[in-house]
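Work through the exercises below with the sequence and the model open. Each task is followed by a solution in steps.

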Amino acid sequence: MKNRQLLSDRTRWKQLIIILILGLCCYYFLQPAGVNEFAWRTVVIFLATIVCIICKVLPVGAIGVIAITVYALTGSGGALTAQESISQALSAMNNTLLWLIVIAFMISRGFVKTGLGERIALVLVRLLGKRTLGLAYGLALADLLLSPAMPSNTARCGGVIYPVADSLSRSYGSFPDDDSRQRLGTFLITCTGLVNDITSTLFLTGFTANLLAVKLAALQGISLSWLNWFTFMVLPCIVSFVVTPLIVYVLVPPQIKVTPEAPESALLRLREKGKITVPEWLMMGTVLLLLVLWIAGSYAGIDQTTTAFIGLSVLLLSGVLNWEDVKNEKGAWDTLIWFSALLMLATQLSSLGFTDWFGHIIGSDVRKIIHGSNWIFVLIILNVIYCYLHYFFASGNAIVAALYAVFLSVGISLGVPAIPMALMLSCCTNISCSLTQYTHARGPILFGAGYIPTSVWWKTGFVMSIINLVIFFLVGLIWWKVLGLY
């Protein structure tokens, strides 16, 4: 295992050299008119960074370090001094949104350490698990309850929900890598991933890509708070949350329809765990405090990032987490690096004028094609394109960093109301994460388990993307009209 990890961390020099050559060719020979030198330099570094992430030249955090280094060395932000250049390259490190994500990762570790996440899942299986469909809804509700305080939906789905689903499947003789997976495992694991897309959409803090999208939207004057986000997303997400297990039940029908032993199995595991421990109570109290402050903190003058720091401080003071837990939360520190690099580059693209220029160019072309069309038609066309471009990206964060600001700018320039456009793009980011087994970081976990054949994954991912697009275009737009967003 250690040797495999070392191999995966090695530089893929062949891919890197090809990317460097293509990047230099773009820089020297393809600079378009109307884009200044510094903006174009930033574009090339940004695109090279995204391609390196997709090609997995190095772990994503290492790519972030290299991107920051290159940006500082080349003075691509237009800095006059070396000190100013490195300050520009590190400018996103003091971004409050970035630290909200990092701290929330650390808080979410408490769910795993205390066992509270597993207990919630087992309780819901105990209550709803007499039928196969009930099992799916039980696991879905567990994901829903965890999502406001776990921005890593990979950790939530792959680290908490999946192990319970895997255990349940095996207990019914449904094993990966053979035909027995059709008994229960294929349905349950497929449903787990697709529901995770919806729980990630409902809460601003349910997925890191949501937070990046909000930051990019803010660059265009669109302000979205935690409560605003939840209010705008709640109705379409509830509809999708309810219908997803039902549709998956039809698309991937399990051979086992009734699971009378599942509640008893969950009860036995709960008995093994014993009574709710003090750390679990403290974890629950901290989550409730976080939710209250995220919802109402603005009225008391408490920023949402400050709220995250309050939550982590409570967990440290109470002993639920210790400093070793914080230091060992590799996902958080990894995110600090790569997210700051992408955020810095995206911000620089905006401040150097490239985003507006590119949006105007695309907007002009699109306007010729759909001249005089209703803005709702424009919104649908742009979001469908954006959604299925995810086939070419290996994560939700990558597609947001690369395309979100551009599509948002184009939509607004073509007369689409700003907030509906920003929200719909975020919805499409989430619901397209299950298109393939590589379009989200949880994909390798679920697909690697062996329960879901490639054909089943691609079919259900595509069908559910269409159904969710219809739900959000219909229910979402009607709901936003009622709320007065347009």
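The exercises cover one helix, its salt bridges and the enclosed cavities.

The model is predicted, so local features need pLDDT of at least 70 and side-chain atom pairs count only at pLDDT 80 or more, while totals for chains, interfaces and linings use all residues. Residues are numbered from 1 along each chain as its sequence is written, and side-chain values use heavy atoms, with hydrogens and water left out.

**Exercise 1. Check the length of helix H6 (residues 96-114) against its expected span.**

Step 1. Helices are DSSP runs of H or I with at least four residues, numbered from the N terminus.
Step 2. The expected span is 1.5 Å times one less than the number of residues.
Step 3. The 19 residues of H6 should therefore span 27 Å, and the end C-alpha atoms lie 28 Å apart, which agrees.
Step 4. Of the 19 residues in H6, 14 are buried (buried is under 20% relative accessible area, exposed over 50%, partly exposed in between; 1.4 Å probe, protein chains only).
Step 5. Gly115 follows H6 and has a positive phi, near 85°.

**Exercise 2. Find the residue whose side chain forms a salt bridge with Arg109, and place both in the chain.**

Step 1. A salt bridge is a side-chain nitrogen of Lys or Arg within 4 Å of a carboxyl oxygen of Asp or Glu; by this rule there are 12 in the model.
Step 2. The partner of Arg109 is Glu329, at 3.0 Å from N to O.
Step 3. Arg109 belongs to helix H6, whereas Glu329 sits in the loop between helix H16 (323-327) and helix H17 (330-351), 220 residues apart.
Step 4. Glu329 counts as buried because its relative accessibility is 12%; Arg109, at 26%, is partly exposed.
Step 5. A network of salt bridges links Arg109 and Glu329 with Lys113 and Asp325.

**Exercise 3. Which helices hold Glu118 and Arg269, and how many residues apart are they?**

Step 1. Glu118 and Arg269 form a salt bridge, with their closest N and O atoms 3.1 Å apart.
Step 2. Glu118 is in helix H7 (residues 116-128) and Arg269 in helix H13 (residues 261-273), 151 residues apart.
Step 3. Glu118 is partly exposed because its relative accessible area is 26%; Arg269 is also partly exposed, at 30%.
Step 4. Glu118 also meets Lys273 in a salt bridge of 3.4 Å, N to O. Lys273 lies in H13, 155 residues from Glu118 in H7.

**Exercise 4. Describe the largest cavity and the second largest cavity by volume and lining.**

Step 1. A cavity is a set of points on a 1 Å grid over the protein atoms alone where a 1.4 Å probe fits but cannot get out; lining residues have an atom within 4 Å of a point. Volume is the space filled by probe spheres set on the points, which are joined across faces, edges and corners.
Step 2. There are 2 cavities of 30 Å³ or more.
Step 3. The largest has a volume of about 70 Å³, and its lining includes Ile189, Ser434 and Trp457. Helices H10 (185-202) and H23 (454-482) each give two or more residues to this lining, and H10 has the largest share, 4 residues.
Step 4. The second largest cavity holds about 60 Å³. Among its lining residues are Ala136, Asp143 and Cys191, and helix H8 (132-146) and H10 each supply at least two.
Step 5. Sort the linings, with Ala, Val, Leu, Ile, Met, Phe, Trp, Tyr, Cys and Pro as nonpolar, Asp, Glu, Lys and Arg as charged, and the others, Gly among them, as polar. The largest cavity has 5 nonpolar, 5 polar and no charged residues; the second largest has 7 nonpolar, 1 polar and 1 charged.

Definitions and conventions: On a 1 Å grid over the protein atoms alone, a cavity is a set of points where a 1.4 Å probe fits but cannot get out, and a pocket is an open set with protein on both sides within 12 Å along at least five of seven lines; lining residues have an atom within 4 Å of a point.
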